[in-house]
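Here are a few short exercises to try with the model open beside you. Work each one through before reading its solution.

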Amino acid sequence: MAKIPRSFRLLEELEKGEKGLGDGSCSYGLKDGDDLAMYQWNGTILGPPHSAFENRIFSLSIYCGDKYPDVPPIVRFESRINLPGVDQNGLVNLAHVRSLGNWRRENSLETILVELRREMASPGNRKTPQPPEGSEYPPLDIVAVAKQRGA
């Protein structure tokens with residue numbers, strides 16, 4: 001089977017994100033429409049019902065490096081969240097997300113957001129106390145983090 005180039009793959013994801021496909025609980029798109037290389041993305045997750053995350057909108061930054069989708073993107077919550085696998089800077093360790101621990105090329109930005117939301121709704125996390133609504137992590141240069149990690 002032919003390997004789809006990074007740019008084609010990201011164009012497909014952008015189109016899907018712009019059309020708002022899925023159940024509407026997660027969304028994503030380019031941070032800057034002029035970013036022809038499609039490196040920086042924004043994402044949102046609606047907190048799952050009947051959980052400590054309910055009625056909240058969580059904002060994320062996503063950086064897709066040159067090796068994406070063979071290498072996972074750098075994912076960071078901008079909204080403060082108390083969730084296993086999210087460090088003190090909001091950076092997500094995808095290895096702590098059950099279905100994303102072994103990254104596969106078939107995974108997508110949508111997969112990441114949906115799986116993070118599933119983690120929020122899991123029995124072990126759904127009642128975890130959360131930071132005050134509207135609080136955010138201090139600014140962090142996600143591009144610098146990506147370069148530091150070789151992404």
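**Exercise 1.** Decide whether C64 is buried or exposed, and find out how many disulfides the structure holds.

*Solution.* Start with C64: its relative accessible area in this predicted model is 0%, so C64 is buried. Next, take C26, which has 14% relative accessibility and therefore also falls under the 20% cut-off for buried. Now look at the sulfurs. A disulfide is a covalent bond between the sulfur atoms of two cysteines. The cysteine sulfur closest to that of C26 belongs to C64 and lies 15 Å away, too far for a bond. Seen from the other side, C64 has the sulfur of C26 as its nearest, and C64 is in no disulfide. The search over the whole structure ends at zero disulfides.

**Exercise 2.** Place L46 in its strand and work out which residues L46 touches.

*Solution.* L46 belongs to strand β2, which covers residues 40-46. Leaving aside residues up to four places away in sequence, the contacts of L46 are G24, S25, R56, I57 and R117. Pick I57 from that list: eleven residues separate L46 and I57 along the chain, yet their C-alpha atoms are 4.7 Å apart. Finally, check accessibility: L46 has 36%, so L46 counts as partly exposed.

**Exercise 3.** Find which residues make the nonpolar surface patch of about 290 Å².

*Solution.* The patch is formed by I4, F8 and L11. Locate I4 first: it sits in the segment before α1, the helix of residues 6-19. Then test its accessibility: I4 reaches 38%, so I4 is classed as partly exposed. That value passes the cut-off of over 30% that patch residues need.

Key: Residues numbered from 1 in each chain as written. Predicted model: local features only at pLDDT ≥ 70, side-chain atom pairs only at ≥ 80, totals over all residues. Heavy atoms only, no water. Patch = residues over 30% accessible without salt bridge, like charges linked within 9 Å, V, L, I, M, F, W, Y side chains within 5 Å. Areas by Shrake-Rupley, 256 points an atom, 1.4 Å probe, with all protein chains shown as cover. Salt bridge = Lys/Arg side-chain N within 4 Å of Asp/Glu carboxyl O. Helix = DSSP H or I, 4+ residues; strand = E, 2+ residues; numbered from the N terminus. Buried < 20%, exposed > 50% of the residue type's maximum accessible area, 1.4 Å probe, protein only. Contact = heavy atoms within 4.5 Å. Disulfide = S-S within 2.5 Å.
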